[in-house]
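Let's take a walk through this one together. Have a look at the fold, and we'll go from the overall picture down to single side chains.

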Amino acid sequence: MKSIITVDHNSGAPKYQQIIQSVISAIDNKQLRIGDKIPSVNEVSDSTGIAKKTGVQAFEQLKQTGVISAVKYKGYFVASANTHSKHNIFVLFNHLTAYKEDIYEGIKSTLDGKGVVDIFFHHNNIEVFKTLIAQSAGKYTEYIIMPIPDKGMKPALKKLPQDKIYILDLGYQDWGQAYPSVCQHFETDIYQVLQQGLPAIRRKYNKLVLVLGPQFYNLKQIEKGFRQFCREFELDFSIISHAKNKRPARGELYVLVNDQDLVQLVKKTTTFGYKLGKDVGIISYNDFPMKEIVGNGITTISSDFTRMGTDVINMILKKKKAHLQNPCRLVERSSF
């Protein structure tokens with residue numbers, strides 16, 4: 001029985017939290033059932049080398065949440081097998097955007113009273129990322145992480161319980177197989193979405209232009225999928241960094257990764273007397289309500305972000321370890 005409680009002295013997670021997670025995992029995995037006795041504080045101290053006060057701290061927290069109970073002169077016993085209502089989830093986004101609200105809505109509605117969520121933002125700053133990870137280590141039952149393209153991410157994640165990490169939205173090639181994940185697959189997404197619109201592309205446009213915008217984690221995957229589509233279907237194309245100095249030409253279809261380029265291009269299309277969706281086409285990444293109005297409606301490449309939040313929480317609640325590709329679709333409006 002002692003083996004159910006383990007402590008990794010090289011981990012950055014607090015030792016009392018490791019004890020708590022050991023007991024919860026044993027209950028979830030049916031190693032412990034209601035009424036079973038768990039090791040005493042002295043036994044845990046002897047087997048793991050931790051201070052007795054650390055064991056007391058862990059057991060007291062487990063008592064407060066109703067997972068275990070204490071019987072005088074007899075010890076500690078499992079009081080509840082319901083650990084699902086005890087989720088305390090750390091969520092780390094890159095930055096605040098409209099679609100993060102959709103992800104959060106999916107998280108909140110699916111969690112539905114079974115736990116609480118704390119949301120933080122790293123702003124694609126590795127020092128902020130490392131600080132937030134270090135401060136959160138051992139304080140949460142699960143960690144939902146939106147990655148950052150930096151080598152410092154790997155040692156930072158090592159400070160967290162490895163079986164409690166979930167990767168969200170970005171970085172599926174780097175991290176989506178290393179941990180349970182719900183991610184966009186940018187290379188296949190753009191290829192499949194453009195293929196969906198291929199009949200209209202052939203009918204209305206003679207050239208496709210991918211506008212990459214500022215540095216973004218998965219730009220290389222987007223560019224690769226775009227190139228593959230254009231070459232396979234023998235379409236003329238170009239790839240540019242931004243639309244600021246680009247004069248649109250009749251018969252061009254623009255695929256825009258960044259919304260700053262969307263504003264620039266809509267303005268220029270109007271300035272040069274072109275009609276969106278007829279003379280010049282626009283497809284923009286990520287749908288939100290304003291794009292239904294701008295330019296009489298902007299066509300978008302968009303993931304189901306609410307479902308992304310739903311799927312990651314369902315994995316947590318159901319104790320599943322999967323690698324899910326979030327669905328993506330073309331939302332057609334008048335700009336296409």
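Start with the outside: the accessible surface of the protein comes to about 16100 Å², and 49% of that belongs to carbon and sulfur atoms. Keep in mind that what you're looking at is a predicted model. Its C-alpha atoms fill a box of roughly 85 × 35 × 30 Å along the principal axes. Inside that box you can trace 12 helices and 15 strands. Of the 336 residues, 51% count as buried. The contact pattern is worth a glance too: among contacts between residues at least 6 apart in sequence, 67% join residues at least 24 apart.

Now for the interior. Which residues have the most contacts inside the largest nonpolar core? They are F129, I145, L157 and F229, in a core that has 69 residues. Helix α12, residues 305–317, provides the largest share of this core, with seven residues. There is also a second, separate core of 22 residues, and L32, I38, V41 and A58 are among its members. Back in the largest core, zoom in on I145. Leaving aside neighbours within four places in sequence, I145 is in contact with F90, L92, F129, I133, M153, L157, I165, Y166, I167 and L168. Two of the names on that list, F129 and L157, also appeared among the residues with the most contacts in the core.

F90 turns up again when you look at rings. F90, F120, Y140 and Y143 form one aromatic cluster. Across the whole structure, a search finds 14 aromatic pairs. One of them is Y191 with F233, a tilted pair with 6.4 Å from centre to centre and 35° between the planes. This pair links distant parts of the chain: Y191 belongs to helix α8 (residues 186–196), while F233 is in the loop between α10 (219–232) and β10 (237–240), 42 residues apart. Both Y191 and F233 are buried. Then compare the rings of F226 and F237: their centres are 5.9 Å apart and their planes are at 85°, so this pair is edge-to-face. Here F226 comes from helix α10 and F237 from strand β10, 11 residues apart. With a relative accessibility of 0%, F226 counts as buried. And for a ring with a charged partner, find F336: the charged end of K204 sits over the F336 ring, 5.9 Å from its centre.

On to the charges. Side chains of opposite charge can pair when their charged atoms come close, and this structure holds 10 salt bridges. Take D28 and K319, whose closest N and O atoms are 3.1 Å apart. How many residues separate the two in sequence? The answer is 291: D28 is in helix α1 (residues 15–28), and K319 is in the loop between α12 and β14 (323–325). Is D28 buried or partly exposed? D28 is partly exposed, with a relative accessible area of 22%, and K319 also counts as partly exposed, at 35%.

The bridge between K246 and E252 has its closest N and O atoms 3.8 Å apart. Its two ends fall into separate classes, because buried means under 20% relative accessible area: K246 is partly exposed at 22%, whereas E252 is buried at 7%.

A third bridge joins D287 and R333, at 2.9 Å from N to O. D287 lies in the loop between β12 and β13 and R333 in the segment after β15 (328–331), so the pair ties together parts that are 46 residues apart in sequence. Both D287 and R333 are buried.

Finish in that β12–β13 loop, with N286. N286 is found between β12 (280–285) and β13 (299–303). At a relative accessible area of 19%, N286 is buried, because the cut-off for buried is under 20%. What is N286 in contact with, leaving aside its neighbours within four places in sequence? The partners are Y99, K291, T300, I301, S302 and F305.

Definitions and conventions
Residues numbered from 1 in each chain as written. Predicted model: local features only at pLDDT ≥ 70, side-chain atom pairs only at ≥ 80, totals over all residues. Heavy atoms only, no water. Helix = DSSP H or I, 4+ residues; strand = E, 2+ residues; numbered from the N terminus. Buried < 20%, exposed > 50% of the residue type's maximum accessible area, 1.4 Å probe, protein only. Contact = heavy atoms within 4.5 Å. Core = buried A, V, L, I, M, F, W, Y, C linked by side-chain atoms within 4.5 Å. Salt bridge = Lys/Arg side-chain N within 4 Å of Asp/Glu carboxyl O. Phe/Tyr/Trp six-rings, centres within 6.5 Å; stacked < 30°, edge-to-face > 60°. Lys NZ or Arg CZ within 6 Å of the ring centre and 35° of its normal. Areas by Shrake-Rupley, 256 points an atom, 1.4 Å probe, with all protein chains shown as cover.
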